[in-house]
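Colleague: I'm new to this one and would like a close look at a single part. Could you pick a spot and walk me through it?

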Amino acid sequence: MKKIKLWLKQKNEGSLYDFLPSLVIMLAVAIMFFAFLGIFSVVSLNEEVKQVVRSSMLLVETQGYLDSGDIAGIESQLTALGATDITVTVKDSGGNVLNGTTVAPYGDDIYFDLYCTIPAQSLNQAATNLFAMSFNNDGYELHIARKTISKC
Amino acid sequence: MLKRLKTFLKKKSEGMMGSTTAILLWLLLILIVTFIFMTTVYHAVSSSVRNALTDSNLAVSTISLKSFGETQDLLVCGKSNSMTTYTDDHSLTDEVYADYRDVLVVNMELDEAGPPMSKTNFVYGGAVTVDYFIIYNYHAEEDKYDVFTYNEAGFVSLTHETGQIFAPNGKRVYGTSIYSQISFPVRGYFARSDNEYNTYGDGITAHIGQLSAVTL
């Protein structure tokens, strides 16, 4: 009886020491894996959005404005990528909206701003600490700012 | 007694070995996952910087419209000199470099304009420096390039080149082009803070360059 008790006790201790560290580290690896997946989807979508921005920058440069039809075209391309809450603004250095009635002449600065929300399980990450992160399911807000010089 | 002790020792050492190996394997896995993660982040940063550089190169590619009308050559010069005839004088292109710096601040979402242009997040460690800003102005008739080189300090040199020429990143230059290369300190594996970065001073510096052809 005593022997069995001793055996049981030993067995318990051994298994605890064997599994506890593994469990803790397994949890850490799982968290890191999900963090990695979340960041990866944001990164790849971000790239695709920037491609759309590149093509619209060429349009802005060559014609000096974006009218409502051009903006609707950009919005439909971004919607196809799954983005929501899209706002596109094109302004000159004085803050005037360049919409076709106002056109930036050759050599003028043009400021292009795109705000949208891309669907992603994103991570809130503190600026200085890699491990200070938390999950966020309501998408990732993206702001892409570009400045160019009119060539129209 | 001795037998018992032996069994005990054997058992003990076996258990220790098992858990130690397990922990080491898990730590190795963590290192691998972190490595893949950071590699992905660095790749993303690199491609987004390339994107910003290309956008900035193309944004400042204002040409002399007057010379274009006369010779059909695309010759880059400052936006306020578009109606003057191009000459190989750096006073015409200084404005291009000034514009480039302004545009880069917006396109890379840098924290401050003017030297030092800086950005801080968990990858960027500090100030962004312009290594090279080179304008290759191609004259089709004489088949020669006017090469204006700028760096962080401003204008460096004007040279005239013929034949095959290459940008500092090894890419061949075809026709009028703009090459720009910037460098910035990168935070290492576990995104150390600025203070640590300055104390150890052994950080990595990223150099990223992009050649963009100027076309109509």
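Modeller: Here's a walk around one serine, followed by a few other places worth a look. This is a predicted model, where local features need pLDDT of at least 70, side-chain atom pairs count only at pLDDT 80 or more, and totals for chains, interfaces and linings use all residues. Residues are numbered from 1 along each chain as its sequence is written, chains are lettered from A and ligands numbered from 1 in the order in which they are written, and side-chain values use heavy atoms, with hydrogens and water left out.

Find S82(B) in the loop that runs between helix 2 (65-71) and helix 3 (90-107) of chain B; helices (H or I, at least four residues) and strands (E, at least two) are DSSP runs, numbered from the N terminus. S82(B) has 7% relative accessibility, so it counts as buried (buried is under 20% relative accessible area, exposed over 50%, partly exposed in between, with a 1.4 Å probe and protein chains only). Setting aside neighbours within four places in sequence, S82(B) is in contact (heavy atoms within 4.5 Å) with I63(B), S64(B), L65(B) and K66(B), and also with Y106(A).

Now for two backbone oddities. D85(A), in strand 1 (residues 84-92) of chain A, has phi near 50°, a positive value in a residue other than glycine. D85(A) is exposed, at a relative accessible area of 60%. E109(B) also has a positive phi near 50° without being glycine, but it sits in the loop between helix 3 and strand 1 (117-118) of chain B and is partly exposed at 40%.
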